Amino acid sequence: MNDNAIPLEDLCSIEAFARQYPNVETVEGLRWKIRHRERLGLASVFVKPGKRWLISKSRFEAWLATQAGRTA
């Protein structure tokens with residue numbers, strides 16, 4: 001099995017993620033992060049298997065944890 005594989009149940013659409021976690025992120029904020037994913041270190045969080053972007057909930061959570069540890 002590929003170590004970089006993302007379980008299907010971990011993936012959701014950008015819209016569904018924003019609806020499920022309204023206090024964490026908005027659709028607009030996620031789209032901005034997609035455009036800047038390389039610079040932000042989010043390249044492995046977002047995948048585009050077809051026409052729509054999907055987000056890995058566990059990878060986004062791990063990225064958030066690293067951001068929380070940074071000082072402003």
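Tyrosine 21 is partly exposed, with a relative accessible area of 31%. The model is a predicted one, and this residue is a good place to enter it.

Tyrosine 21 has an aromatic partner, phenylalanine 17. Their ring centres are 4.9 Å apart, and the planes meet at 50 degrees. That makes the pair tilted. Phenylalanine 17 itself is buried, at a relative accessible area of 3%.

Phenylalanine 17 also pairs with phenylalanine 60. Here the centres lie 5.3 Å apart and the planes stand at 80 degrees. An angle over 60 degrees counts as edge-to-face, so this pair is edge-to-face. Phenylalanine 60 is buried, as is phenylalanine 17.

Where do these two residues sit? Phenylalanine 17 belongs to helix H1, residues 14-20, while phenylalanine 60 belongs to helix H4. The pair therefore ties together parts that are 43 residues apart in sequence.

The structure holds 3 aromatic pairs. One aromatic cluster is made up of Phe17, Tyr21, Phe60 and Trp63.

Next comes the sheet. Strands of a sheet pair through backbone hydrogen bonds, in a parallel or an antiparallel way. In this model, 3 strands form an open sheet, and the pairing is antiparallel. The order is S1-S3-S2. Strand S1 (11-13) and strand S2 (46-47) stand at the edges. Each has a single partner strand, so one side of each is left without a neighbour in the sheet.

S1 and strand S3, residues 54-56, are joined by 3 bridges in the antiparallel sense. Which residue of S3 is the bridge partner of cysteine 12? It is isoleucine 55.

Helix H4, residues 57-68, lies across S1 and S3. The helix runs at about 60 degrees to S3. H4 is also the helix that holds phenylalanine 60.

Helix H2 covers residues 27-35. Which of its residues are buried? They are Val27, Gly29, Leu30, Lys33 and Ile34. Seen down the axis of H2, the buried residues fall within an arc of 160 degrees, so they line one face of the helix. On the other side of H2, Glu28 and Arg35 are exposed.

What do the buried residues of H2 pack against? They pack against three helices and two strands by name: H1, helix H3 (37-40) and H4, together with S2 and S3. H1 and H4 return here from the aromatic pair, where they hold phenylalanine 17 and phenylalanine 60.

Terms used. Residues numbered from 1 in each chain as written. Predicted model: local features only at pLDDT ≥ 70, side-chain atom pairs only at ≥ 80, totals over all residues. Heavy atoms only, no water. Pairing = 2+ DSSP bridges. Helix = DSSP H or I, 4+ residues; strand = E, 2+ residues; numbered from the N terminus. Contact = heavy atoms within 4.5 Å. Axes fitted to C-alpha atoms, helices over the stretch in contact; angles between N-to-C directions. Phe/Tyr/Trp six-rings, centres within 6.5 Å; stacked < 30°, edge-to-face > 60°. Buried < 20%, exposed > 50% of the residue type's maximum accessible area, 1.4 Å probe, protein only. Arc of directions from axis to C-beta.
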